[in-house]
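User: I'd like to learn how to read helix packing and domain contacts in a model. Could you walk me through it?

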Amino acid sequence: MDIMSMSIEQLAERLAEMGQPKYRAKQLYAWMHVRLAASYAEMTDQPKALRERLEAELPLTVPQKVVMLESKTDGTRKYLFRLADGNVIESVWMKYHHGNSVCISSQVGCRMGCSFCASTIGGLVRSLEPSEMLGQIYAITRDTGERVDNVVVMGTGEPMDNYDNVLIFLRLLTDENGLHISQRNVTISTCGLVPNLRRLADEKLAITAAISLHAPNDELRRKLMPVANAYSIRELMEAADYYVETTGRRITFEYSLIDGVNDSASCARELAALLKGRNCHVNLIPVNPVRERNYRRSLVTNVLQFQKMLENEGINVTIRRELGSDIDAACGQLRRHYETGIGAESGEG
Ligand code: SAH
């Protein structure tokens, strides 16, 4: 296990094996997770011999910034980072009135195959280590010089397909000895891997779960998301209810609106019937057109109509505010354009 993925107890154990005094674990942990050191060289109060030994036995690596695009309209920043093995991943930094949010990737690529998503086109390369998820947040904090208030695991990858590492990441991120981000300020978005969503509920964390629904019935959902062949909407709703009961947290449903595909009045009615009475919130996302797919975003009037129909049934709805629409901000597009050498196209949000 790499040093930045270790709990403070694991680190203490490892350092004890190296004959180090107890207080070292606390110091090193704080250097990594509070002061966000990017190398042992920065840990100037640590003995040189120890730093050299750590460098050899437990190398500390952090994601390296390769590209940073900043939106001229709203200050949103999109980062491309290179990992120690050469893979690249992307993350986004957004400024909201309620604080700074970072959207991180949980995998290099994705194997879920959603038909509207750019992240899955090249398939899954590998899952990220806990330290690589933290590393995105730490690198952005260093780069902006501003504290991150909210973390959303909504970048490339399916977090519930990297369950163990995501859990370790969550514990480190919210640890009072580390950056200490409040669990309430963390959101995990999943396409709906039902067994792991139930497992997540059983962890009884105060994080928000967001479920990518995108269709009100199985037939349509199966056309958009292969995961719908494995789990029905009924099973997904039962897992969602279980999450709410177990954690006391309201659940979010994400619904990306695709022109002529899932944005009709009958879809809205069906969705309203499905969600009525549930302790939930719906986030409508006008789909981001992806070059390799021929989906178009719903017309603004349709989006508003869709929202209204849900609201009339007493359902809580917001339309995702578009940030960074002048930079490559749709899921997976920056990485994809970087790797394929295709330039950014304006209008993708
Ligand atoms: N794998 C996770 C998290 C990653 S995507 C999940 O499926 O939830 C975060 C959200 O963006 C998901 O709801 C996803 O379905 C949606 N999304 C992906 N590509 C999109 C696109 N081109 N336009 C709009 N939403 C998209």
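Analyst: We will go through helix pairs and then the domains. Keep in mind that this is a predicted model.

User: How are two packed helices described?

Analyst: Two packed helices are described by the angle between their axes and the distance between the axes. Take helix H1 (residues 8-17) and helix H2 (residues 23-33): their axes come within 9 Å and cross at roughly 130°.

User: What orientation do H1 and H2 have to each other, and why?

Analyst: Angles over 145 degrees count as roughly antiparallel and 65 to 115 as roughly perpendicular, with the rest outside the parallel range taken as oblique. H1 and H2 cross at roughly 130°, and they are therefore oblique to each other. The handedness of this crossing is right-handed.

User: Which residues of H1 and H2 meet?

Analyst: On the H1 side they are Ile8, Leu11, Ala12 and Leu15, and these meet Arg24, Ala25, Lys26, Leu28, Tyr29 and Met32 of H2. Sorted by class, that contact holds eight nonpolar residues, two charged ones and no polar ones.

User: Let's try another pair. How do H10 and H11 pack?

Analyst: Helix H10 (residues 265-275) packs against helix H11 (residues 300-312) at an angle of about 30°, and their axes are 9 Å apart. Angles under 35 degrees count as roughly parallel, and H10 and H11 are therefore roughly parallel to each other. H10 passes H11 with a right-handed crossing.

User: What residues make that contact between H10 and H11?

Analyst: H10 brings Ala265, Cys267, Ala268, Arg269, Leu271 and Ala272, which meet Phe306, Met309 and Leu310 in H11. The classes here are eight nonpolar, one charged and no polar.

User: And where do H5 and H6 fit in, with which angle and distance?

Analyst: Helix H5 (residues 163-173) and helix H6 (residues 194-202) cross at roughly 25°, with axes that come within 12 Å. H5 and H6 are therefore roughly parallel to each other, and the crossing is right-handed. Tyr163, Asp164 and Leu167 of H5 make the contact with Asn196, Arg199 and Leu200 of H6. Three of these residues are nonpolar, one is polar and two are charged.

User: Now the domains. What are their bounds?

Analyst: Domain 1 covers 3-57 and domain 2 covers 64-346. Taken over C-alpha atoms, the centres of domain 1 and domain 2 are separated by 33 Å.

User: How is the size of the interface read?

Analyst: The size of an interface is often given as the accessible area lost when the parts come together. Between domain 1 and domain 2, about 1000 Å² is buried, and carbon and sulfur atoms give 63% of this. On the domain 1 side, Met4, Ser5 and Leu36 lose the most area to domain 2, together 51% of what that side buries. By residue count, 13 residues of domain 1 are in contact with 14 residues of domain 2.

Methods:
Residues are numbered from 1 along each chain as its sequence is written. This is a predicted model: local features need pLDDT of at least 70, side-chain atom pairs count only at pLDDT 80 or more; totals for chains, interfaces and linings use all residues. Side-chain values use heavy atoms; hydrogens and water are left out. Axes are lines fitted to C-alpha atoms, for helices over the stretch in contact, and angles run from 0 to 180 degrees between N-to-C directions. Helices (H or I, at least four residues) and strands (E, at least two) are DSSP runs, numbered from the N terminus. A crossing is left-handed if the near helix is turned anticlockwise from the far one by less than a right angle, and right-handed if clockwise. Contact means heavy atoms within 4.5 Å. Ala, Val, Leu, Ile, Met, Phe, Trp, Tyr, Cys and Pro count as nonpolar, Asp, Glu, Lys and Arg as charged, and the others, Gly among them, as polar. Domain bounds come from an automatic or database domain assignment. Buried area is the accessible area (1.4 Å probe) that two parts lose on being put together, summed over both.
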